[in-house]
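I opened the notebook to work through one model, element by element. I wrote down each item as I looked it up.

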Amino acid sequence: MEPRVENSTEQSFNIRDTEVSFGNGVPANIRDLAIEQCKSLGKIAIYKTSTRGLIQGYTVKAYYECIDR
């Protein structure tokens with residue numbers, strides 16, 4: 001599964017991806033997608049939090065907010 005943007009508004013969104021690890025933090029591909037998502041709005045991405053789920057195939061869901069530069 002490729003990372004995908006969900007619940008997108010001009011202020012916030014989340015990105016869902018699958019990852020086969022139990023590490024902390026957010027994978028670089030999710031971070032980069034968040035940066036591009038906010039950049040397209042002329043804003044910068046601020047990481048809020050993330051959740052992980054074992055039942056959904058090691059799902060990582062990262063939450064971001066877009067703020068003015």
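**Entry 1: the β3/β4 pairing.** I started with β3 and β4. They run antiparallel and are joined by 10 bridges. I then looked for a cross-strand partner of A45 and found C66 of β4 opposite A45. I note here that the model is predicted.

**Entry 2: confidence.** I checked how far to trust the coordinates. The mean pLDDT is 85 for the protein. Of its residues, 86% reach 70 or more. By element, α1 has the highest confidence, with a mean of 92. The lowest is in β2, where the mean is 89. I keep one caution in mind: where pLDDT is low, predicted coordinates should not be read in detail.

**Entry 3: inventory.** I counted elements next. The protein has 4 strands and 1 helix. Along the sequence I read the pattern β-β-α-β-β.

**Entry 4: the sheet.** In what order do the 4 strands sit in the sheet? I traced β1-β2-β4-β3, an open sheet with antiparallel pairing. The edges are β1 (4-6) and β3 (43-53). Each has a single partner strand, so one side of each lacks a neighbour in the sheet. From one strand to the next, I get an average twist of 30°.

**Entry 5: β2 against β4.** I moved on to β2 (residues 12-18) and β4 (residues 59-68). They pair in the antiparallel sense over 7 bridges. I looked up two partners across this pairing. T18 has T59 in β4 as its bridge partner. N14 stands opposite Y63 in β4.

**Entry 6: N14.** I stayed with N14, which lies in strand β2. Is N14 buried or exposed? Its relative accessibility is 4%, so N14 counts as buried, the cut-off being under 20%. I listed its contacts, leaving out neighbours within four places in sequence. They are R4, V5, E6, N7, K61, A62 and Y63.

**Entry 7: T59.** T59 has its place in strand β4. I read a relative accessibility of 5%, and T59 counts as buried. Beyond four places in sequence, T59 touches R16, D17, T18, T51, R52 and G53. The bridge partner T18 is among them.

**Entry 8: N7.** I went back to N7, one of the contacts of N14. N7 is in the loop between β1 and β2. Its phi is near 50°, a positive value in a residue other than glycine. N7 is exposed, with a relative accessible area of 57%.

**Entry 9: the helix.** I then placed α1, residues 28-39. Helix α1 lies across β1, β2, β3 and β4. Against β2, the helix runs at about 150°.

**Entry 10: the core.** Which residues make up the largest nonpolar core? I found 9 residues: F13, I15, I30, A34, C38, V60, A62, Y64 and C66. At least two of them come from each of β2, α1 and β4. The largest share is from β4, with 4 residues. As a general remark, nonpolar side chains tend to be buried together in soluble globular proteins.

**Entry 11: Y64.** I picked Y64 out of this core and listed its contacts, not counting residues up to four places away in sequence. Y64 touches Q11, S12, F13, I15, V26, I30, R31, A34, A45, I46, Y47 and K48. The core members F13, I15, I30 and A34 are on that list.

**Entry 12: the disulfide.** How many disulfides are there? I count 1. It joins C38 to C66, with an S to S distance of 2.0 Å. The pair links distant parts of the chain: C38 is in helix α1 and C66 in strand β4, 28 residues apart. I computed the torsion about the S-S bond as about -80°, so the disulfide is left-handed. Both C38 and C66 are buried. Both also belong to the largest nonpolar core.

**Entry 13: whole-chain totals.** I closed with two totals. Of the 69 residues, 28% count as buried. I also took the contacts between residues at least 6 apart in sequence. Of these, 54% join residues at least 24 apart.

Definitions and conventions: Residues are numbered from 1 along each chain as its sequence is written. This is a predicted model: local features need pLDDT of at least 70, side-chain atom pairs count only at pLDDT 80 or more; totals for chains, interfaces and linings use all residues. Side-chain values use heavy atoms; hydrogens and water are left out. Two strands pair if DSSP finds at least two bridges between them. Helices (H or I, at least four residues) and strands (E, at least two) are DSSP runs, numbered from the N terminus. Axes are lines fitted to C-alpha atoms, for helices over the stretch in contact, and angles run from 0 to 180 degrees between N-to-C directions. Contact means heavy atoms within 4.5 Å. Buried means under 20% relative accessible area, exposed over 50%, partly exposed in between (1.4 Å probe, protein chains only). A nonpolar core is a set of buried Ala, Val, Leu, Ile, Met, Phe, Trp, Tyr and Cys residues joined through side-chain atoms within 4.5 Å. pLDDT is the predictor's confidence in each residue, from 0 to 100. A disulfide is a pair of cysteine sulfur atoms within 2.5 Å.
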